[in-house]
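Visitor: Could you pick one small spot in this model, look at it closely, and then work outward from there? I'd like one connected story rather than a list.

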Amino acid sequence: MNQKYEFAEIEAKWRNIWAGQKADKAVHDPNKKKFYLLEMFPYPSGRIHMGHVRNYAIGDLLGRFYRMNGYNVLHPMGWDAFGLPAENAAIERGTHPHKWTLQNISAMREQIKALGVGYDWDREIATCHPGYYKWTQWFFLQFMKKGIAYRKKTFVNWCGKCHTVLANEQVEDGACWRCDTHVVQKEMVGWFLKITDYAEELLADLELLAGKWPDRVLTMQKNWIGKSVGAKVKFAVDGASESIEVFTTRPDTLFGAMFVCLAPEHELTKKLSAGGTEEAKVAEFLKTVAKQDTLARTSEDAEKLGVFTGRYAVNPMNGEKIPVWSANFILAEYGTGAIMSVPAHDTRDFAFAKKYNLPIRRVVLQEGEDEKAPLESAYSGDGLLVSSGNFTGMNNREAVPKINEFLKTAGAGEGSTVYRLRDWGISRQRYWGSPIPVIHCHKCGVVPVPEKDLPVVLPTDANLLSEGRSPLPELESFLNVQCPRCGADAKRETDTMDTFICSSWYYHRYTSPRCESAPALREEIDYWMPVDKYIGGIEHAILHLLYARFFNKFCRDIGLLKADEPFSNLLTQGMVIKDGAKMSKSKGNVVDPDDILRRYGADTARVFILFAAPPERDLEWDDSGIEGSHRFVTRVYRLFAKWIPELRDFKGGGDAPDAELRRMRHVTIKRFTLDVRDRTHFNTAIAAGMELLNFLADYAPKNDDDKAELKGTLLDYLKVLHPFMPFLTQELYSEFGYGEYLTTVKWPEYSEAFTVSDVQTIVVQVMGKVRAKLEVPVGTPEEEIKKLALVQEKVVQAIGSGTVKKIIVVPGRLLNIVF
């Protein structure tokens, strides 16, 4: 056996063997318990980075662990290949997104294979392949059939640099999630999915994920869905046929509504001011607000701006005429896009009323408060109703159902529940995405593409236009088509779908990726789904994870599968940071995985990335850490190079081995098992492996029983280390004379009885200071331990001429002498 650790040779050897054997191929087996393991698939917009390495190393560790524990593991890989990242990168380099994407997929695939990740590459998918997006388009048609997909004109989030619409979830701190460009509001026609139809179920089913998903993610989704219970109320516009519908969580304060506020984008804002004295002021106000992003408009410390429309609305509770304003802090997409303003009982309304000198009326009186006392601030608590007609004197909360009933009887409203969640705008005005499968006919209107004509193929020979503009509206070979209903000349839809559509169902496709008759075969998807462990970054808590949950529920409802939720268990790994910041090319702190693999090998890279921090925490890159991990891996190799020649063919031994060696063996197996399976704290598992290595480095067997135990310990050591360093452990297992793929070998078991030491260490203190340590057999009587402690040289010196007053004993741990 070579005494030098030649990692490059070893890793290349086993990569080729495993690939030739298709060692990680997953097969449907109803007789075995399945384990569907998945990392969030990557954008192929460049090369892999250390964040990818961490993600895939965690996943591969778990995949190998569960296979060794008897599970039928599905562990696939694919590419989230459509969308802005690839398109923008291609434009920057003067190449075509199709060519750029395929080149990157090829390069990234080889990088991932170099890491030794055990993927079933026969299930590889790419969302830009027509065989995949055929079914993305098919889903869109099913949404249309169910009334979930619809088209409307509305104000949308617009990124000028990316030349496309963004969903609310894709606007971060008022900027584009991809390029950080300031987002503005723009009125456009686009396609939407009614995710709001699933709002209540998406919220309620978070309870199914409690304890299985991080609490932080559950809270983020709950807040984003944003359920509010209250009432919808109609305020008739004075002197007009229109009415303004508002949603309020406080119908008990209706008598205190002193004005109505419309969102600047509300259809009535312009209409009510048209031809009136305030028309010019309203127009100027709308120009100002259009330059503000929604986050800035709605933040607590943002300036509250408004304009009077010149019109009045009628309060349905008392017939009072109140002014209609438009305010920048009202959003068209939340609730009804209009609110009733009760300045006495809402902090924001109070500040607005004070700024514009609008009236304030108290209608909820807290205990001990004088109704006529001036209001210094808004009161949002509970109390008795005042100035509230027939409801005066009632407890405000008890009055709510009675007020709702009054509104319903009067035809002016009713109790209602609304959600912060808005319908998902999926139209993108970019080229590199799945075409939306509809045709616009001047006779028939919007016509779905027949399913038999799918996919609507994205032309890969289209030349990109300047500044990222889509060529599809000008590409006649794509644009011009005959209407499938009447045969008249028609036009294809030129918007493409949001790339999050593609990633909302890819985990289904992995179950039967080459199926041509459906998105996935029912028997395959019902066997493998849901995903048992999903691994990815916390940044996807709202975007991808919420959309995927919505898609899965829709798939269930149309009969494609039975699982209510797509991901049973979620592990959100932290970022890899260097010099205090997330690795990025712009910061100049990127560590190239290829360089690490060349210098140290894949096993070292994996051990470092798994040892440096628990998976849910950020990992600080440390060059000395990678060196330390390499020393550990090399020491493992040298230990086996020392013992394999002597023990490979050894077959003797009995049942009375060295007790401490046996204890270390079982303690190590136990710690690896519990740390991986129950705690997912891989760093502490590696620490246990280091402790065993230190023990074995100086160990010398005294007889054949010890040799037999040592051989068994070494073989078990290889098994527990295998998910962490698959190449080296497979090589050493082979050197021992075993031919099986180590990932298929049974995980070792431990005996709890053998994890208990026959010897215990007692710390001896004198007046609280450590003076000695005793090694005594377990079960040694307390009086005998006291006698041994009192004769220790340093204990005798510490006591001197003093008289021992008492000895405090903590059984099995500590003894403190007081004098």
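Guide: Let's start at Asp579, which is exposed because its relative accessible area of 61% is over the 50% cut-off. This is a predicted model, so take the geometry in that spirit. Asp579 sits in the loop between strand S28 (576-578) and strand S29 (581-582). Its backbone is the reason to stop here: phi is near 55°, a positive value in a residue other than glycine.

Lys22 makes a handy companion, with a positive phi near 50°, and it isn't glycine either. Its loop runs between helix H1 (7-21) and strand S1 (34-39). Lys22 has a relative accessibility of 48%, so it counts as partly exposed.

Another loop residue to hold up beside Asp579 is Arg813, found between strand S33 (806-810) and strand S34 (814-818). At 60% relative accessibility, Arg813 counts as exposed. Even so, Arg813 has contacts from elsewhere in the sequence: leaving out residues up to four places away, it touches Thr761, Ile762 and Val763. Lys786, 27 residues from Arg813 in sequence, is 13 Å from it in space, C-alpha to C-alpha.

While we're on loops, check omega too. The peptide bond from Leu454 to Pro455 is cis, with omega near 5°, and Pro455 belongs to the loop between strand S22 (445-448) and helix H13 (476-479). Another cis bond joins Met529 and Pro530, where omega is about 0°. Pro530 is in the loop that links helix H16 (522-528) to strand S26 (533-537).

Now step inward. In soluble globular proteins, nonpolar side chains tend to be buried together. Here, the largest nonpolar core has 190 residues, and Trp424 and Tyr717 touch the most other members. Helix H20 (residues 623-647) supplies the largest share of that core, 11 residues. A second, separate core has 29 residues, including Ala313, Met317, Leu385 and Ile403.

For a feel of the packing, look around Trp424. Not counting residues up to four places away in sequence, its contacts include Ala167, Trp191, Phe192, Leu193 and Ile195. Also touching Trp424 are Asp498, Phe500, Ile501 and Ser504, along with Tyr547, Phe550 and Phe551.

Helix packing gives another view. The axes of helix H21 (residues 659-679) and helix H23 (residues 704-721) come within 10 Å and cross at roughly 15°. That angle is under 35 degrees, so H21 is roughly parallel to H23. The crossing of the two is left-handed. From H21, the residues taking part are Leu661, Arg662, Arg665, Ile669 and Phe672. They meet Asp706, Glu709, Leu710, Gly712, Thr713, Asp716, Val720 and Leu721 in H23. That contact is a mix of 6 nonpolar, 2 polar and 5 charged residues.

Finally, zoom all the way out. The chain has 26 helices and 34 strands, and 56% of its 819 residues count as buried. Along the principal axes, the C-alpha trace spans about 105 × 80 × 50 Å. Among contacts between residues at least 6 apart in sequence, 72% join residues at least 24 apart. Set against that backdrop, our starting point, Asp579, is one of the exposed residues.

Note on methods. Residues numbered from 1 in each chain as written. Predicted model: local features only at pLDDT ≥ 70, side-chain atom pairs only at ≥ 80, totals over all residues. Heavy atoms only, no water. Axes fitted to C-alpha atoms, helices over the stretch in contact; angles between N-to-C directions. Helix = DSSP H or I, 4+ residues; strand = E, 2+ residues; numbered from the N terminus. Parallel < 35°, antiparallel > 145°, perpendicular 65-115°, else oblique. Left-handed = near helix turned anticlockwise from the far one by under 90°. Contact = heavy atoms within 4.5 Å. Nonpolar A, V, L, I, M, F, W, Y, C, P; charged D, E, K, R; others polar. Core = buried A, V, L, I, M, F, W, Y, C linked by side-chain atoms within 4.5 Å. Buried < 20%, exposed > 50% of the residue type's maximum accessible area, 1.4 Å probe, protein only.
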